[in-house]
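This report introduces a structure to a reader who has not met it before. It takes up the cysteines, then the nonpolar core, and then the largest pocket.

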Amino acid sequence: MAYSAAARARRRCTATTGAGAPCRAWACWDDPAQRCVIHAGRGHTGPQASRWPQAPRPARYPPCRCVAYNWPHRPGSGLCRWPDPPTHRRTTPAGTRRTTFRRRRRRSGRYGYERR
C-alpha cells in the first residue's frame, strides 16, 4: 500500500519514544489520540499461551467509500488515494467477482494444465 504524504501524516503514531524521538509506527485505526498499539496500551502484558490461541482477527479499519471503486474498500489501496480524491475509477459493478480458484480447478482439471 503506497500512502501519500497526507495519508502517512494521518496514519503515523503521534506519541514519542523514550528517547524523545517521534514514534515511527502506524497508528491504530480506532484510536482517538492516533497512537500505535504500544503507546495506546493494547500490547500483550503477560505470557502468551500459544502463538495463535484463536483465529487471528482481521484488521479493524473503517472502509473507504470513495468513487475509486463501487464497493467499500481498504483506504489507500489500489486506485484509492485516501485521503486525497482518486484520479481513476474502476467501473466494475459491486457484487461481481472473479471465479474462485477452487471453481477454476474443478473446471479445468487438477492443476489447470492437464496433458494426456
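## Cysteines, core and pocket

The model described here is predicted, and the structure holds zero disulfides. A disulfide is a covalent bond between the sulfur atoms of two cysteines. Two cysteines, Cys64 and Cys66, are set out in the table.

| Cysteine | Nearest cysteine sulfur | Distance | Relative accessible area |
|---|---|---|---|
| Cys64 | Cys80 | 3.7 Å | 11% |
| Cys66 | Cys80 | 3.7 Å | 19% |

Cys64 is in no disulfide, because the nearest cysteine sulfur, that of Cys80, is 3.7 Å away, whereas a disulfide needs a pair of cysteine sulfur atoms within 2.5 Å. The sulfur of Cys80 is likewise the nearest one to Cys66, and Cys66 is in no disulfide.

Cys64 is buried, and Cys66 is buried as well. Both belong to the largest nonpolar core, which has eight residues in all. The other members of this core are Tyr3, Ala7, Ala68, Tyr69, Cys80 and Trp82.

Tyr69, one of the core residues, also has contacts beyond its neighbours within four places in sequence: Ser77, Gly78, Leu79, Cys80 and Arg90. Cys80 is thus named both as a contact of Tyr69 and as a member of the core.

Turning to the pocket, which residues lie nearest the centre of the largest pocket? They are Cys28, Asp30, Val37, Arg42 and Arg60, out of a lining of 14 residues. The volume of the largest pocket is about 320 Å³. Its lining comprises nine nonpolar and five charged residues, with no polar ones.

Terms used: Residues are numbered from 1 along each chain as its sequence is written. This is a predicted model: local features need pLDDT of at least 70, side-chain atom pairs count only at pLDDT 80 or more; totals for chains, interfaces and linings use all residues. Side-chain values use heavy atoms; hydrogens and water are left out. Buried means under 20% relative accessible area, exposed over 50%, partly exposed in between (1.4 Å probe, protein chains only). A nonpolar core is a set of buried Ala, Val, Leu, Ile, Met, Phe, Trp, Tyr and Cys residues joined through side-chain atoms within 4.5 Å. Contact means heavy atoms within 4.5 Å. On a 1 Å grid over the protein atoms alone, a cavity is a set of points where a 1.4 Å probe fits but cannot get out, and a pocket is an open set with protein on both sides within 12 Å along at least five of seven lines; lining residues have an atom within 4 Å of a point. Grid points are joined across faces, edges and corners, and a volume is the space filled by probe spheres set on the points. Ala, Val, Leu, Ile, Met, Phe, Trp, Tyr, Cys and Pro count as nonpolar, Asp, Glu, Lys and Arg as charged, and the others, Gly among them, as polar.
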